[in-house]
Every structure is written in structure tokens, then in C-alpha cells.
Amino acid sequence: MAGSCSPQRFGYAVLKFILFSYACVFWLIGTFILAIGIYAEAERLRFKTLNALFLAPSIILILLGILMFVVSFIGVLGSLRDNLTLLNVFMYTLLACLILELLGGILGLAFRDKTLDLVNKNIRKGIENYYDDLDFKNILDFVQKKFQCCGGEDFKDWEVNVYHKCSGRGPLACGVPYTCCIMTQPNEVVNTLCGHHILNETRQDAMKVIHVRGCSHAFVHWMEDNYKKMAILLLVILLPQVKNALHSARFTHS
């Protein structure tokens, strides 16, 4: 009798360990993201930078960290205590997150033009406060270098910044940040004024010096080129947790 039950108990123990390991990993990641978000938000409030919460990366990090922390903690506690209710909550929450992500992707593709307009509108708002919000500045600089792009819709978006608009008088007037510039060598010395007066140039002339493509379009093209890898990564991360939660709930119930 005991021997006939041992394979089932062994299988349950293995699934419980895997579920516990997954939950712990994401619990730690969620805690780390939450800590970074809280620190970034404290810095944002300290320096009175960007007021639009939609544009504040710290808010996104805090919400993501809280969600990961709470859901993963439920999974850890449920697996340790063999609590069917907590395991069910963990399982259905993961399923809901997966469904919401899939729906978000589908809606984003279905309303692609409206989504891009919304993104570009908010990027332009961020560009207005480019030198006042260090978080946004660092992110946009990274994106412009990584995806070889400039601005939201295109490089002309930099006209909304008070320092870069062509009616200004400073050294940055009618130019773009150096992160928009084309780098011919990986380790070449950066000319921080390489985009000087480039906003007065035509698109054909500007593209000899800077990347004229907008970052929203560049990111969409990157997503289209890598959608298979992203879909596989999403399935690798979420589906094992859902499967393990289902098996653990079944074994616990039995």
C-alpha cells in the first residue's frame, strides 16, 4: 500500500520543489524591482522632476514589483503549507496575467496606429522635460543608441524641447542630443555637438549625420523581427509555473 503511493508522493515532492523554486526566484526578482522603483520614485520626488505618472519609470517598476512580489509570495506560501486555496489563487493569477498579456499584444496590434500615436504623444511630453527628468533622459538616451533612432515619431520631435527648438539661442538650439548621431566606430570619441543645427536640414541631409527614424517605429520593427523569441521567452517563463500550480493543486486536493 505504501509502495503504491510512493511514486505519487515522489512526483508531488518534485513538483512542489519546482514550484517553490520558481516562486522564490520571481519573489526575489519582484523584491529587487520594487526596491529600485521605490528608490527611483524617491529621487523623482526629491528633485521635483517629471510630473506625469505615465512617463515615470519608477511608477511602472513599483507596480510591476508589487505584482510580482505578491503573486510569488502566494505561490511560495501555498507550496510550503500545501494550501489548496493559495495554490488556486496563484494558479488563476498567473493565468490571468498570461491572458492579459496576450490580449494586450493583440489589442496593440489591432489598434497599432492609435497605440503609436499615444506612445509618440507621451514621448514628446517626455522630451519637453528631457533635462529635468534624469530617469527619462537615461532611458531615452539608451533607446536612441540601442535602436539607432531619434525622438518619438522622428527627429523633428526635438523641436518641442526649449533648449533644442530653433528659436533658442544656446549651443543646443536647433539640434538633437548626440545619442541620435551615427557612430561609425564602436569606441570612437563622441562629438556631443554632432547634431548641431540638424533640425534645419531636410530628412535626406539629416540622415547622413543622425538617425532620423523615430524610436517608436524602430521598437515596433524590432518587435516584429523578434516576436518569435519573445513569445518563446514568455511561454518558458509563465507556462511552467501554471503547469506546476495545476499539478500541485491536483496532488494537494487528492
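Where is the place of H164? H164 sits in the loop between α5 and α6, and the features described below are read from a predicted model. The structure contains four disulfides and nine aromatic pairs, and the points that follow take up H164, some of these cysteine links, some of these ring pairs, and the helix α5.

**H164 and its surroundings**

- With a relative accessibility of 1%, H164 counts as buried, because the limit for a buried residue is a relative accessible area under 20%.
- A polar atom of the H164 side chain lies 3.3 Å from the backbone oxygen of L172.
- Leaving aside residues up to four places away in sequence, H164 touches Y131, W158, L172, A173, C174, G175, V176, P177 and L199.
- One of these contacts, C174, is itself part of a disulfide, in which C174 is joined to C166.
- Two other contacts of H164, namely Y131 and W158, belong to a cluster of rings linked by ring pairs, whose members are Y130, Y131, W158 and Y163.

**The disulfides**

- When the bonded cysteines of the protein are numbered in sequence order, their pairing reads 1-8, 2-5, 3-4, 6-7.
- C150 and C180 form one disulfide, with their sulfur atoms 2.2 Å apart; this pair links distant parts of the chain, for although both C150 and C180 lie in the loop between α5 (134–146) and α6 (203–206), they are 30 residues apart.
- The link of C150 and C180 is right-handed, with 80° about the S-S bond.
- Both ends of this link are buried, since C150 has a relative accessible area of 0% and C180 has a relative accessibility of 0%.
- Another disulfide joins C166 to C174, with a distance of 2.0 Å from S to S, and this link is also right-handed, with 65° about the S-S bond.
- The two ends of the link between C166 and C174 fall into separate classes of accessibility: C166 is partly exposed, with a relative accessible area of 35%, whereas C174 is buried, with a relative accessible area of 3%.
- C181 and C194 form a disulfide in which the sulfur atoms are 1.8 Å apart; C181 and C194 each lie in the loop between α5 and α6, so this pair ties together parts that are 13 residues apart in sequence.
- The torsion about the S-S bond of C181 and C194 is about 100°, and therefore this disulfide is right-handed.
- Both C181 and C194 are buried.

**The aromatic pairs**

- Among the nine aromatic pairs of the structure is the one formed by Y130 and Y131, which is edge-to-face, with 4.7 Å from centre to centre and 85° between the planes.
- Within this pair, Y130 is buried, with a relative accessible area of 2%, while Y131 counts as partly exposed at 34% relative accessibility.
- The rings of F147 and F219 have their centres 5.8 Å apart and their planes at 85°, so this pair is edge-to-face, because planes over 60 degrees apart are counted in that way.
- F147 lies in the loop between α5 and α6 and F219 lies in helix α7 (residues 215–253), so the pair ties together parts that are 72 residues apart in sequence.
- F147 is buried, with a relative accessible area of 14%, whereas F219, at 39% relative accessibility, counts as partly exposed.

**Helix α5 and the residue just after it**

- Helix α5 has 13 residues and reaches 18 Å from its first C-alpha to its last, which is close to the 18 Å expected at 1.5 Å a residue.
- The buried residues in α5 include F136, L140, D141 and Q144; these residues cover an arc of only 130° around the axis, so they lie on the same side of α5.
- On the other side of α5, the residues L134, F142, K145 and K146 are exposed.
- Just after α5, the residue Q148 takes a positive phi of about 50°.

Methods
Residues numbered from 1 in each chain as written. Predicted model: local features only at pLDDT ≥ 70, side-chain atom pairs only at ≥ 80, totals over all residues. Heavy atoms only, no water. Disulfide = S-S within 2.5 Å. Helix = DSSP H or I, 4+ residues; strand = E, 2+ residues; numbered from the N terminus. Buried < 20%, exposed > 50% of the residue type's maximum accessible area, 1.4 Å probe, protein only. Phe/Tyr/Trp six-rings, centres within 6.5 Å; stacked < 30°, edge-to-face > 60°. Expected span 1.5 Å × (residues − 1). Arc of directions from axis to C-beta. Polar contact = N/O pair within 3.5 Å; in protein donor to acceptor, adjacent residues only side chain to side chain. Contact = heavy atoms within 4.5 Å.
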